[in-house]
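Student: I am new to this structure and would like a close look at a single part of it. Could you take one strand as the starting point and then work outwards to whatever surrounds it?

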Amino acid sequence: MNITDEQIEHFHRQGFFLVPNPLGEEKMHRVDAIQRRIEAEWAQTDWPEGLNRLACQLFMVGEPVLQLIEQPDLVDAARRILDCDEVHIGACGLGDASGAIAEDGRPQRQVHWHADGSPEVKQVSIRTALDRHDPTNAPLRVLPGSHLRSTTEVEEELRQLELATGQHDRPPRMMFARHPHEVEVVLDPRWSLVWTPSCWHATGVKTAAGPRRAMGWNYFPPGGRKRDLEAVKHVFAGEWEGWGEERKRLWGLI
């Protein structure tokens, strides 16, 4: 994945940019086929409490997905964007999250506005769709530049927009209303989104039938988040201990 200085500048200023899918059509077809094959087993597995289930699904793909994520050009791009000599993968996932249950108990056909990190959190994520996330399939909505603003400032701005819809009797905990400056990312498998989840984001409403699958992973500088470390150890139990030092470092194991 060759990225330009202008794209990196756009990332730091706006929080994202898009590139042709660096995984390639053939490899994406392979991941797609494996994901369909393992999904039933994954869904029926009683995963230990506290593990990220979507990370476990990604790791169930096994060596093919590890090799994709470990591609030197992707790791080098992350180092350039984060301006550091070493990075590790601290969060990842694969699958369809649209069937999850929201905090208020309703089926989550839409994800509310939130940020997975604050302005001081350095991270870069690569997100690729296995199915087209068009306007009927809950596309990601990103608020450009919000990763540079204080959490309380953005949250209050979104709350006021939500209140302006006239749907609430009291200040809401979760906000879904459109922001005049948001970007709706129609993500096609031919393209990948390179972004910081510290940027505030939500999704559109899923009205289309069928899956809404995606895969993604986050690179962090030294000392950054290691959310899915235990998932790595669990899925690759009895195997990860024999990995080489470079792979262990990339997955935050040493």
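Tutor: What follows starts from strand S8, moves to its partner strands, and then turns to the cavity, the pocket and a few single residues.

Please keep in mind throughout that this is a predicted model. Strand S8 covers residues 213–220, and it is largely enclosed by the rest of the structure, because eight of its eight residues are buried. To count as buried, a residue must have a relative accessible area under 20%. In a regular strand the side chains alternate between the two faces of the sheet. In S8, one side carries Arg-213, Met-215, Trp-217 and Tyr-219, the other carries Ala-214, Gly-216, Asn-218 and Phe-220, and both of these faces are covered.

S8 has strand partners that help to place it. With S2 it is joined by eight bridges, the two strands running antiparallel, and within S8 it is Asn-218 that stands opposite Ala-91. With strand S3, residues 124–129, S8 is joined by six bridges, again in an antiparallel arrangement, and here Trp-217 of S8 stands opposite Ile-126. Asn-218 and Trp-217 lie on opposite sides of S8 in the description of its two faces.

From S3 the pairing can be followed further, since S3 also pairs with S6 in the antiparallel sense, over four bridges. In that pairing, Ser-125 has Trp-195 of S6 as its bridge partner. Strand S6, residues 191–195, is mostly covered, with four of its five residues buried. S6 in turn pairs with strand S1, residues 16–20, over five bridges and in the antiparallel sense, and Phe-17 is found opposite Val-194 of S6.

Returning to S2, the partner of S8, we come to an enclosed space. The count comes to one cavity of 30 Å³ or more, and the volume of the largest cavity is about 40 Å³. Its lining is made by Phe-59, Ile-89, Gly-90, Cys-92, Lys-226, Asp-228, Leu-229, Val-232, Trp-251 and Gly-252. Two elements, strand S2 (88–96) and helix H7 (229–235), each give two or more residues to this lining, and S2 supplies the largest share, with three residues. Sorted by class, the residues around the cavity are six nonpolar, two polar and two charged.

The second largest pocket has a lining of another composition, with four nonpolar, no polar and seven charged residues. Its volume is about 240 Å³. The residues that line this pocket are Glu-70, Pro-72, Val-75, Asp-76, Arg-79, Glu-86, Val-87, Glu-246, Arg-247, Arg-249 and Leu-250. Helix H5 (72–82) and helix H8 (245–250) are the elements that each contribute two or more residues to it.

There is also an open sheet, formed by three strands in the order S5-S4-S7, with antiparallel pairing. Strand S5 (183–185) and strand S7 (201–203) are its edge strands, each pairing on one side only. From one strand to the next, the twist averages 30°. Strand S4, residues 140–142, is joined to S7 by three bridges, and the two run antiparallel; in this pairing, Val-142 stands opposite His-201 of S7.

Three single residues complete the picture. Gln-57, in helix H3 (residues 53–60), is classed as buried because its relative accessible area is 0%, and its side chain makes a polar contact of 2.7 Å with the side chain of Gln-35. Arg-132, which sits in the loop between S3 and S4, is partly exposed, with a relative accessible area of 41%. Although 54 residues separate Arg-132 from Val-186 in sequence, they are 7.5 Å apart in space, C-alpha to C-alpha. Met-174 belongs to the loop between helix H6 (151–163) and S5, and it is buried because its relative accessible area is 9%, which falls under the 20% limit. Met-174 and Arg-159 are 15 residues apart in sequence, and their C-alpha atoms are 8.0 Å apart in space.

Methods: Residues numbered from 1 in each chain as written. Predicted model: local features only at pLDDT ≥ 70, side-chain atom pairs only at ≥ 80, totals over all residues. Heavy atoms only, no water. 1 Å grid on protein atoms, 1.4 Å probe; cavity = no way out; pocket = protein on both sides within 12 Å on 5 of 7 lines; lining within 4 Å. Points joined across faces, edges and corners; volume = space filled by probe spheres on them. Nonpolar A, V, L, I, M, F, W, Y, C, P; charged D, E, K, R; others polar. Pairing = 2+ DSSP bridges. Axes fitted to C-alpha atoms, helices over the stretch in contact; angles between N-to-C directions. Buried < 20%, exposed > 50% of the residue type's maximum accessible area, 1.4 Å probe, protein only. Polar contact = N/O pair within 3.5 Å; in protein donor to acceptor, adjacent residues only side chain to side chain.
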